[in-house]
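Here are my notes from going through the model, as numbered points. Have the viewer open alongside and follow along.

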Amino acid sequence: MPAAPSRTLLARGHALHLGPRTLIMGILNVTPDSFSDGGRSAAPDDALANARRLVAEGAEILDVGGESTRPGHTPVAAEDEWARIAPVIPALVAEMGVPVSVDTYKAEVARRALEAGASIVNDVWGFTHDPDMARVVADYDAAAVVMHNRAEVDEPLDIISEMLGFFERVLEIADRAGVKREKLVLDPGIGFGKSFPQNLAAIRRLPELRVLGLPILLGTSRKSLIGKVIQTTPQERVPGTIASNVIAIMDGVEIIRVHDVAAHVQAARVAEAIRDAS
């Protein structure tokens, strides 16, 4: 399948060119209980050091999260979530030169992060959890990643039909709040409210989401999906993550969200060269 059509995602002063070259979003979890690194970036100095490494390796977006949303996570109050990321976001904005995304489903955390200079809101509930989230995104003219999610797994569902219905509702919410369609990116939400077969189907059938006319972000990095294919710890899942992302890149996915940036930059460039060869 050829690359997706070229387009530009405007994110509060940053112009992200989407299409022929997949962008790499680097994950920066400022949490003490991250499933993938056990709190490696929880301290602000450590977070900044890791952000510098991610950008040096080729990350074109930094996604900062103050609450782990892994299955079975313990919810965090908005004040506590903000306290974790408040020392980090202004420093990233000032130093890194790439757009900063805030990974939150709480409108108040998103508002504070945007006020501090963030450019993108990455909402794991796609505007459906906090009724003020879409309005905050619109008020700050931010870009947003809206992810498909479910409170519980429903095995018989056709997951793509479910996603299409969910995203149609999200787009209605966005329209009512004044969020421009060209500011939105869809995320199929691998690992969120889906069975193992549904996660596999969501990746294999990713092009079916193209009917909505919006760019797509895929996040499979180190997730349990890979550990269910071959028993591994999160830190051992880099090859499996690369495999899933290369398949998506061959289908034209515009952004991949990863922990291991350098490996994915190389994999993405090779996959794109093969996909686009005449």
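In which helix does Asn245 lie? I'll start there and then work through the sheet, the hairpin, the helix packing and a few odd backbone angles. Keep in mind that this is a predicted model.

1. Asn245. This residue sits in helix α9, which covers residues 238-250. With a relative accessible area of 0%, Asn245 is buried, since anything under 20% gets that label. Leaving aside residues up to four places away in sequence, Asn245 touches Leu218, Thr220, Ile256, Val258 and His264. If you like sequence-versus-space numbers, try Asn245 and Ala3: 242 residues separate them in sequence, while their C-alpha atoms are 14 Å apart.

2. The sheet. Eight strands make up an open sheet, and reading across you get β8-β7-β6-β5-β4-β3-β10-β9, with parallel pairing. The edges are β8 (184-187) and β9 (217-218), each of which pairs on one side only. At the β8 end, the neighbour is β7 (residues 143-147), joined to β8 by 4 bridges in the parallel sense. To find the register there, look for Met147, which stands opposite Asp187 in β8.

3. Strand β4 and its neighbours. On one side β4 pairs with β3, parallel, over 5 bridges, and Ile27 stands opposite Asp63 of β4. The pairing of β4 with β5 (residues 100-103) is parallel too, over 4 bridges, and here Leu62 is opposite Val100 in β5.

4. How covered is β4? Is it buried or exposed? Mostly covered: 5 of its 5 residues are buried. In a regular strand, side chains alternate between the two faces of the sheet. For β4, one side has Ile61, Asp63 and Gly65 and the other has Leu62 and Val64, all of them buried, so both faces are covered. I'd point out that Asp63 is in that buried set. One element lying across this part of the sheet is helix α1 (residues 44-57), which crosses β3 (23-29) and β4 (61-65) and runs at about 165° to β3.

5. The hairpin. Strands β1 (residues 7-11) and β2 (residues 14-18) run antiparallel and are joined by 5 bridges. Thr8 stands opposite His17 of β2. The two strands form a hairpin with 2 residues between them, and Arg12 in the turn has a positive phi of about 50°.

6. Helices α6 and α7. Packed helices are described by the angle between their axes and the distance between those axes. For α6 (residues 159-177) and α7 (residues 196-204), the angle is about 70° and the axes are 9 Å apart. That angle makes α6 and α7 roughly perpendicular to each other. On the α6 side the contact is made by Ile159, Ile160 and Met163, and on the α7 side by Gln198, Ala201 and Ala202. By class, the contact has 5 nonpolar residues, 1 polar and no charged ones.

7. Aromatics. How many aromatic pairs does a search of the whole structure find? The count is 1. The partners are Phe166 and Phe167, whose ring centres lie 5.6 Å apart with the planes at 75°, so the pair counts as edge-to-face. Phe166 is buried at 4% relative accessibility, and Phe167 is buried at 0%.

8. Positive phi angles. Most residues other than glycine have a negative phi, so exceptions deserve a look. Phe127 is one of them, with a positive phi of about 70°. It lies in the loop between β6 (120-123) and α5 (133-139), and at a relative accessible area of 2% Phe127 is buried. Arg222 is another, with phi near 60°. Its place is the loop between β9 and α8 (224-229), and at 11% relative accessibility Arg222 counts as buried.

Technical notes. Residues numbered from 1 in each chain as written. Predicted model: local features only at pLDDT ≥ 70, side-chain atom pairs only at ≥ 80, totals over all residues. Heavy atoms only, no water. Pairing = 2+ DSSP bridges. Contact = heavy atoms within 4.5 Å. Axes fitted to C-alpha atoms, helices over the stretch in contact; angles between N-to-C directions. Parallel < 35°, antiparallel > 145°, perpendicular 65-115°, else oblique. Nonpolar A, V, L, I, M, F, W, Y, C, P; charged D, E, K, R; others polar. Phe/Tyr/Trp six-rings, centres within 6.5 Å; stacked < 30°, edge-to-face > 60°. Buried < 20%, exposed > 50% of the residue type's maximum accessible area, 1.4 Å probe, protein only.
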